[in-house]
Amino acid sequence: MTSRNSCTQLWLIMQYHEHGSLYDYLQRNVLNYESMLLLATSAAAGLVHLHTEIVGNQGKPAIAHRDIKSKNILVKLDGTCCIGDLGLAVTHSQENNKIDLGRNNKVGTKRYMAPELLDETLNVYYFDSFKSEFELGVFNFPFPPLGRSAKI
């Protein structure tokens with residue numbers, strides 16, 4: 001924490017990932033299916049961890065990133081991903097059923113936003129109607145057998 005001109009700045013220090021963002025990594029590398037699945041499953045696991053509220057003395061609230069894109073996902077040396085840039089994130093606690101927006105009401109990168117957020121037609125009181133097959137875990141991805149290289 002530093003102070004500059006009577007303004008407190010909070011800094012987050014984290015591990016350096018020399019592969020950089022997922023966006024940059026995919027520009028420089030051709031991946032095989034195992035690598036693609038490792039990137040995808042580790043990124044998904046990171047989002048699940050963020051979205052899951054952990055109750056207890058050392059718990060954490062549920063966190064919505066609000067700006068997830070390949071430039072905000074970092075690739076570690078072992079080929080797994082971690083989620084970065086939580087600057088627009090909000091938290092939700094089941095204890096009081098409130099979303100903590102803080103002082104930042106901005107939301108994500110427009111290119112990656114849902115249309116209902118852009119035109120402000122999202123009705124949060126009918127949120128259950130927005131559950132998709134993806135959220136319910138009903139997948140039908142035509143993944144080829146493991147072991148073959150993918151041309152991207």
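Is His19 buried, partly exposed or exposed? His19 has a relative accessibility of 22%, so this residue counts as partly exposed. The points below set that residue in the context of the chain, which is a predicted model.

1. Overall make-up. The chain contains three helices and seven strands. Read from the N terminus, these elements follow the order β-β-α-α-β-β-β-β-β-α. Of the 152 residues in the chain, 20% are buried. The accessible surface is about 12300 Å², and carbon and sulfur atoms account for 55% of that surface. Among contacts with a separation of 6 or more, 54% are between residues 24 or more positions apart.

2. His19. This residue is placed in the loop between β2 and α1. Its C-alpha is 6.8 Å from that of Leu77, although 58 residues separate the two in sequence. Beyond its neighbours within four places in sequence, His19 is in contact with Tyr25, Arg28, Val75, Lys76 and Leu77. The loop residue His19 thus has contacts that include Val75, a residue that also belongs to the largest nonpolar core.

3. Ser21. The loop that holds His19 also holds Ser21, between β2 (7-9) and α1 (22-28). Ser21 counts as buried because its relative accessibility is 8%, under the 20% limit. The side chain of Ser21 lies 3.1 Å from the backbone nitrogen of Asp24. With neighbours up to four places away in sequence left aside, the contacts of Ser21 are Ser70, Lys71, Ile73, Leu74 and Val75. Val75 therefore appears in the contact list of Ser21 as well as in that of His19, while Ser21 is a buried residue and His19 a partly exposed one.

4. The largest nonpolar core. Eleven residues form this core: Leu22, Tyr25, Leu31, Leu39, Ala43, Leu50, Ile63, Ile73, Val75, Cys81 and Ile83. At least two of them come from each of α1, α2 (33-51), β4 (73-75) and β5 (81-83). The element with the largest share is α2, which supplies three residues. In soluble globular proteins, nonpolar side chains tend to be buried together.

5. Tyr25 within the core. Apart from residues up to four places away in sequence, Tyr25 touches His19, Leu31, Leu39 and Val75. Leu31, Leu39 and Val75 are, like Tyr25, members of the largest nonpolar core. The contact between Tyr25 and His19 connects this core residue with the loop between β2 and α1.

6. Cysteines. Which cysteine sulfur is closest to that of Cys81? The closest is in Cys82, but the distance is 7.5 Å, so the two sulfurs are too far apart for a bond. A disulfide would require sulfur atoms within 2.5 Å. Cys82 is likewise in no disulfide, and a search of the whole structure finds zero disulfides. Cys81 is buried, with a relative accessible area of 8%. Cys82 also counts as buried, at 16% relative accessibility.

7. Strand pairing. The strands β3 and β6 pair in the antiparallel sense, with three bridges between them. Within this pairing, Ala62 is opposite His92 in β6. Strand β6 is also joined to β7 (residues 98-100) by three bridges, and these two strands run antiparallel. Here Ser93 has Lys98 in β7 as its bridge partner. The hairpin of β6 and β7 has four residues between the strands, and Asn97 in this hairpin takes a positive phi near 55°.

8. Further positive phi values. Two residues in other loops deserve a note. Arg66 is placed in the loop between β3 (62-64) and β4, and its phi is near 70°, a positive value in a residue other than glycine. At 22% relative accessibility, Arg66 counts as partly exposed. Asp85 is in the loop between β5 and β6 (90-93), with a positive phi near 55°, again in a residue other than glycine. The relative accessibility of Asp85 is 47%, so this residue counts as partly exposed.

Technical notes: Residues numbered from 1 in each chain as written. Predicted model: local features only at pLDDT ≥ 70, side-chain atom pairs only at ≥ 80, totals over all residues. Heavy atoms only, no water. Buried < 20%, exposed > 50% of the residue type's maximum accessible area, 1.4 Å probe, protein only. Polar contact = N/O pair within 3.5 Å; in protein donor to acceptor, adjacent residues only side chain to side chain. Contact = heavy atoms within 4.5 Å. Core = buried A, V, L, I, M, F, W, Y, C linked by side-chain atoms within 4.5 Å. Areas by Shrake-Rupley, 256 points an atom, 1.4 Å probe, with all protein chains shown as cover. Pairing = 2+ DSSP bridges.
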